[in-house]
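Please look through the sequence and the model below before reading on. The paragraphs that follow take up a few places in turn.

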Amino acid sequence: MAQDVKQGVIYAGLSYVLWGILPIYWKLIGGVSALETLANRVIWSFVFMLILLLLLGKLRAFMIVVKGLWQTKKQLYGLIIASLLVSANWFIFIWAVNNGQIIETSMGYYINPLISVLLGMVVFKERLSVSQYVSFALAAIGVIILTVSYGSFPWISFLLALTFALYGLAKKMVKVDAAIGLTLETMVITPIALLYMGNLFVQQRQMLFNENVGLDLLLIGAGVATAVPLLLFANGVQRIPLSMVGFLQYIAPTIMLILGVFVYGEYFSKAHFLSFLFIWISLTIYSLSRTKWVLLWESKIARGKQIGM
């Protein structure tokens, strides 16, 4: 059991490390527009996943799921919504990285867990603990500090967090194997991506297959760069407790923040530091709120209130 957990930590941790350094990959193809990069990411992810399903012997299972989707409208709509949301998230991320906004993308993935909890409260009527309410208040203060300091709301952070949280919500409607799920999601968007790329080729404005072999390989490799971390995560999350996943997920935005500040020299002001400080404290409280001893303490408080009534 301990060996299984150890492997789970390695798989999940490695997936978050790869997600954290992904901005480096997009910087390497920064001369390509965000839309063309997204189109290539979708197309080559779909191609790579089809090959992978064939090698894993899951192609037949994939076809069965595809047929089943047409019979279950709820799952079909969930798949379409999930595909659109993950594509929007990918586009915002690629655009932000190549426009010097890595720090803001980092903030987006820091506040993502809190947005997910908020959606759970609104959509599924889940009750929040005292610790979680405090977490939201502190995170809100952090965002307000940055908004007041810069005179504008951090839309990139908010949209990244919101699209990914909504994506997770939509995924609940389509419960399939991780590899099959990613193949389905990219399959839905691939026709649109192909139409876009076809239009670029007709106008001779495409960067793909334009006498730059290195760039071609990077654009095609976007499919692998997308699929590998997701598959590692899927294998890891099955072996470790959800609370451990909660702590590991902060690896990626932390790496992004370090890259933005120390590698790409993005401006990190006192307002940034103060804002992130509130968010870090918020996430610490949120993560601790999911541990057994805090849950036990809060349940005792709740019982005490009921007795008092």
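In this predicted model, helix H4, which covers residues 73–97, packs against helix H5 at an angle of about 145 degrees, and the axes of the two helices are 8 Å apart. On the H4 side the contact is made by Asn89, Phe93, Ala96 and Val97, while H5 contributes Ile102, Thr105 and Tyr109. Sorted by character, the residues of this contact comprise five nonpolar and two polar ones, with no charged residue among them.

Helix H5 itself spans residues 102–123, and Ile111 is one of its residues. Is Ile111 buried or exposed? Its relative accessibility is 8%, and because buried means under 20%, Ile111 counts as buried. Once its neighbours within four places in sequence are set aside, Ile111 is in contact with Ser157, Ala161 and Ile279. Ile141, by comparison, stands 30 residues from Ile111 along the chain, and the C-alpha atoms of these two residues are separated by 12 Å.

Another residue to follow is Lys171, which is found in helix H7, residues 155–171. With a relative accessibility of 27%, Lys171 counts as partly exposed, because that class lies between the 20% limit for buried and the 50% limit for exposed. Leaving out residues up to four places away in sequence, Lys171 touches Gly181 and Glu185. Ala82 is 89 residues from Lys171 along the chain, yet the C-alpha atoms of the two are separated by 6.2 Å.

The aromatic rings offer a further way through the model, for the structure holds 15 aromatic pairs. One of these is formed by Trp19 and Phe233, whose ring centres are 5.8 Å apart and whose planes stand at 55 degrees, so that the pair is classed as tilted, because tilted pairs are those that are neither under 30 degrees nor over 60. This pair links distant parts of the chain, since Trp19 belongs to helix H1 (residues 2–28) and Phe233 to helix H9 (residues 213–237), with their positions 214 residues apart. Trp19 is partly exposed, its relative accessible area being 21%. Elsewhere, ring pairs join Tyr110, Tyr250, Phe268, Phe276 and Trp280 into a cluster.

Aromatic rings also meet charged side chains in this model. Lys27 lies over the face of Tyr264, at 5.0 Å from the ring centre, and Arg41 lies over the face of Trp90, at 4.2 Å from the ring centre.

Which residues in the loop between H8 and H9 have a positive phi? Phe209, found in the loop between helix H8 (178–203) and H9, has a phi near 55 degrees, a positive value in a residue other than glycine. Glu211 lies in the loop between H8 and H9 as well, and its phi is also positive, at about 65 degrees, although it is not a glycine. Most residues other than glycine have a negative phi. As for accessibility, Phe209 is partly exposed, with a relative accessible area of 47%, whereas Glu211, at 83% relative accessibility, counts as exposed.

Finally, the confidence of the prediction deserves attention. The protein averages a pLDDT of 86, and 92% of the residues score at least 70. Confidence is highest in helix H2, residues 34–56, with a mean of 95, and lowest in helix H13, residues 292–308, where the mean is 54.

Definitions and conventions: Residues are numbered from 1 along each chain as its sequence is written. This is a predicted model: local features need pLDDT of at least 70, side-chain atom pairs count only at pLDDT 80 or more; totals for chains, interfaces and linings use all residues. Side-chain values use heavy atoms; hydrogens and water are left out. Helices (H or I, at least four residues) and strands (E, at least two) are DSSP runs, numbered from the N terminus. Buried means under 20% relative accessible area, exposed over 50%, partly exposed in between (1.4 Å probe, protein chains only). Contact means heavy atoms within 4.5 Å. Axes are lines fitted to C-alpha atoms, for helices over the stretch in contact, and angles run from 0 to 180 degrees between N-to-C directions. Ala, Val, Leu, Ile, Met, Phe, Trp, Tyr, Cys and Pro count as nonpolar, Asp, Glu, Lys and Arg as charged, and the others, Gly among them, as polar. Rings of Phe, Tyr and Trp (its six-membered ring) pair if their centres lie within 6.5 Å; planes under 30 degrees apart count as stacked, over 60 as edge-to-face and the rest as tilted. A charge sits over a ring if NZ of Lys or CZ of Arg is within 6 Å of the ring centre and within 35 degrees of the ring normal. pLDDT is the predictor's confidence in each residue, from 0 to 100.
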